[in-house]
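Subject: Structure handover and notes

Hello,

Here is the structure for you to look over. Please open it next to these notes.

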Amino acid sequence: MTFRQSTSAYENWLATQLEIVPVDVRAKHKAMKAEIFPFLRATFYRWAQLWPTLCGDLNTAPTVLAVGDLHVENFGTWRDVEGRLVWGINDFDEAENMPYTADLTRLSASVHLAIENNHLNIGHREACTAILAGYREGLEAGGRPWVLGEKHVWLSELVALKDPPAFWDKLQLLPDHDGKMPKAARRGIEKMLPEENLPYRVAQRQAGLGSLGRQRFVAIADYGGAHICREAKALAPSAWFWAQGGLGDDRLCGERALKRAVRVADPFVRIKDGWIVRRLAPDCIKIELASVPKNKDKSKLLQAMGWETANVHVGSKNARAILADLGKREGPWLHDAAERMIHATKADWKEWGGQVKRR
């Protein structure tokens, strides 16, 4: 199956799972041509389809409830019930049961592309070594959340929070939603507001890449003399389920992944009735590579990403089996797997028209 055929098949299937926003799908298709890294982020469905063939040697590894669409910009911050800043994986839309090696390979492949595009100044093999070291240490420790402030000062220095006035100005410029918000989305948003009957404006927002094309509703309100915001996003079964021909869990696995993981929970994230509702704020953000100072130690950051991946995987209660499997794998297996998947991704990107941007 060609990449275009794969894309058409997946989008047709997705349309049977939720309502598609055509203008957002067109924006996604355009972004997929711009650069290879956004293309990777937007096409987990293709990755899941190619994985068994290209990485069959890793497909028999112990299974975990994994993130699925894991990459270097799938990490961010939130506030816990104590108001502390927490760092970790913040997108579980594609969570599914899959080999632990799938998450590690996709994370490593995204790192390789980030290195090629001068977002990270570290060697490819060194990067994979750092990810694996952090992952192994996280498993051996039984996991540990990344609460910033008292500890992990070095990581706090890498987190560039949004400028509050600029953040709220940008949200205020979002156009009003001119249609009707589904009842489940409205209920989810209103239950997460600080008081009943609080007036709010519903706006349209384009965000993300893998989920671009799904309905999003943003509610902006005034509370206590300042703005607050909640977002509801439609969810569907993981593209991994689709790619494996329905062999998997067709339920939404993100909530289970969040509950099982070793983490300090975000009290403003709820998944119910096919929607994920969360708080949007300047301190509740995705960490973009462009915001990470280039003179900082990237191996330490990648090691933290490996550890946080382990925080998710230990929830599946088979850390011992994973560690035993890791002990059997020799040589640069993670680097080699990432390279195979990148080669296929670049071929797909070229078919999509991505090479036009490079002339």
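Below is what was found, topic by topic.

First, a caution: this is a predicted model.

**Glu-231 and its partners**

Start at Glu-231. It sits in strand S8, residues 226–234. Is Glu-231 buried or exposed? Its relative accessible area is 1%, so Glu-231 is buried. Its side chain is still paired. One polar contact goes to the side chain of Arg-205, at 2.5 Å. Another goes to the side chain of Arg-216, at 3.0 Å.

Which residues does Glu-231 contact, leaving aside neighbours within four places in sequence? They are Arg-205, Arg-216, Phe-217, Val-218, Ile-276, Val-277, Arg-278 and Leu-280.

**Salt bridges**

The count comes to 19 salt bridges. Arg-205 and Glu-231 form one of them, with N to O at 2.5 Å. Arg-205 is in the loop between S6 and S7 and Glu-231 is in strand S8, so this pair ties together parts that are 26 residues apart in sequence. Arg-205 is partly exposed, at 21% relative accessible area.

Glu-231 also meets Arg-278 in a salt bridge, N to O at 3.2 Å. That pair links distant parts of the chain: Arg-278 is in strand S10 (residues 275–279), Glu-231 is in strand S8, and 47 residues separate them. Arg-278 counts as partly exposed, with 26% relative accessibility.

Helix H11 offers a local example. There, the side chains of Lys-259 and Glu-255 form a salt bridge at 3.5 Å, N to O. Both residues belong to H11 (residues 254–260), four residues apart, or about one turn of the helix. In general, an α-helix has 3.6 residues a turn, so residues three or four places apart point the same way. Lys-259 is exposed at 65% relative accessible area. Glu-255 is partly exposed at 32%.

Back to the shared partners. Arg-205, Arg-216, Glu-231 and Arg-278 are joined into one network by salt bridges that share partners.

**Helix H8**

H8 covers residues 164–172, and Phe-167, Trp-168 and Leu-171 are buried in it. Where do these buried residues fall, seen down the axis of H8? They fall within an arc of 90 degrees, so they line one face of the helix. The cover over them includes strand S6 (201–203), strand S7 (216–223) and S8. At the N-terminal end, Asp-163 caps H8. A side-chain oxygen of Asp-163 lies 3.2 Å from the backbone nitrogen of Ala-166.

**Nonpolar cores**

The largest nonpolar core has 99 residues. Trp-87 and Leu-302 have the most contacts inside it. Another core, of nine residues, lies apart from that one, with Trp-168, Leu-171, Ile-220 and Cys-229 among its members. Leu-302 touches Val-111, Leu-120, Ile-122, Ala-127, Ala-130 and Ile-131, not counting residues up to four places away in sequence.

**Cysteines**

How many disulfides does the structure hold? Zero. Why is Cys-55 not bonded to Cys-128? The closest cysteine sulfur to that of Cys-55 is in Cys-128, and at 12 Å it is too far for a bond. Cys-55 is buried, with 0% relative accessible area. Cys-229 is in no disulfide either; its nearest cysteine sulfur, in Cys-284, is 10 Å away. Cys-229 also counts as buried, at 1% relative accessibility.

Best wishes

Methods: Residues are numbered from 1 along each chain as its sequence is written. This is a predicted model: local features need pLDDT of at least 70, side-chain atom pairs count only at pLDDT 80 or more; totals for chains, interfaces and linings use all residues. Side-chain values use heavy atoms; hydrogens and water are left out. Helices (H or I, at least four residues) and strands (E, at least two) are DSSP runs, numbered from the N terminus. Buried means under 20% relative accessible area, exposed over 50%, partly exposed in between (1.4 Å probe, protein chains only). A polar contact is a pair of N or O atoms within 3.5 Å; within protein, one must be able to donate a hydrogen and the other to accept it, and residues adjacent in sequence count only if both atoms are side-chain atoms. Contact means heavy atoms within 4.5 Å. A nonpolar core is a set of buried Ala, Val, Leu, Ile, Met, Phe, Trp, Tyr and Cys residues joined through side-chain atoms within 4.5 Å. A disulfide is a pair of cysteine sulfur atoms within 2.5 Å. The arc is that of the directions from the helix axis to the C-beta atoms. A salt bridge is a side-chain nitrogen of Lys or Arg within 4 Å of a carboxyl oxygen of Asp or Glu.
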